[in-house]
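Reader: I'm new to this one and would like a close look at a single part of it. Could you pick one helix and walk me through its surroundings?

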Amino acid sequence: MSDPVLDRISEALDLFNAGRRAEARAAFTAIWAEIEADGDPFHQCVLSHYTANAQDDAEAELMWNRRALAAADRIVNERPDTASLYPSLHLNLADALFRAGNIPDASRHVFLARQAADALADDAQGRMVRGAIESLAARLPVA
């Protein structure tokens with residue numbers, strides 16, 4: 001079954017993957033304007049996750065990563081399948097925090113990403129996310 005909002009998010013993601021970042025950000029922003037107030041939190045989570053990746057500004061990236069995590073928190077009880085999003089959501093937030101120099105919060109989100117990693121499938125995507133979590137953990141200073 002087709003989901004028009006996810007289809008539009010996918011089209012915007014195609015722009016991003018083609019290197020057309022500004023166009024992708026504009027498309028993501030237009031979709032967000034339509035779903036922010038009363039949209040499906042799953043759509044908000046997915047859109048925020050991809051929008052964060054398309055940002056050139058660190059503060060904007062952090063804001064979108066936080067939005068994605070907040071949206072996931074609103075739906076995880078009703079949609080247990082969304083638990084598999086948490087490792088990537090925490091990883092992305094940890095990476096943005098690390099690059100912003102906020103090591104304590106980055107470390108906390110790496111810890112949360114590791115805890116959530118059990119929800120990942122044992123496939124290429126799951127192995128990639130697990131590897132990225134461990135790669136970031138290795139770059140964090142040991143307290």
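**A close look at α5**

Author: Let's start just past the end of the helix: α5 is followed by glycine 101, whose phi is positive, near 85 degrees. Keep in mind that this is a predicted model.

Now for α5 itself, which runs over residues 86-99. With 14 residues at 1.5 Å a residue, α5 should span 20 Å, and its end C-alpha atoms are indeed 20 Å apart, so the two agree.

Is α5 mostly covered or mostly open? It's mostly covered, with 11 of its 14 residues buried. Reading along, those buried residues are Tyr86, Pro87, Ser88, Leu89, His90, Leu91, Asn92, Leu93, Ala94, Ala96 and Leu97. And what do they pack against? Their partners are α3 (41-53), α4, α6 and α7.

That brings us to the nonpolar core. In soluble globular proteins, nonpolar side chains tend to be buried together. Here the largest nonpolar core has 24 residues, and Leu89, Val110 and Ile133 are the ones with the most contacts inside it. Two or more residues come from each of α4 (58-75), α5, α6 (103-116) and α7 (124-139). α5 gives the largest share, seven residues.

Have a look at valine 110, too. Setting aside neighbours within four places in sequence, valine 110 is in contact with Ala94, Ile133, Leu136, Ala137 and Leu140. Ala94 is one of the buried residues of α5.

Apart from this core lies another, of 18 residues, including Ile31, Phe42, Val46 and Trp64.

Notes: Residues numbered from 1 in each chain as written. Predicted model: local features only at pLDDT ≥ 70, side-chain atom pairs only at ≥ 80, totals over all residues. Heavy atoms only, no water. Core = buried A, V, L, I, M, F, W, Y, C linked by side-chain atoms within 4.5 Å. Buried < 20%, exposed > 50% of the residue type's maximum accessible area, 1.4 Å probe, protein only. Helix = DSSP H or I, 4+ residues; strand = E, 2+ residues; numbered from the N terminus. Contact = heavy atoms within 4.5 Å. Expected span 1.5 Å × (residues − 1).
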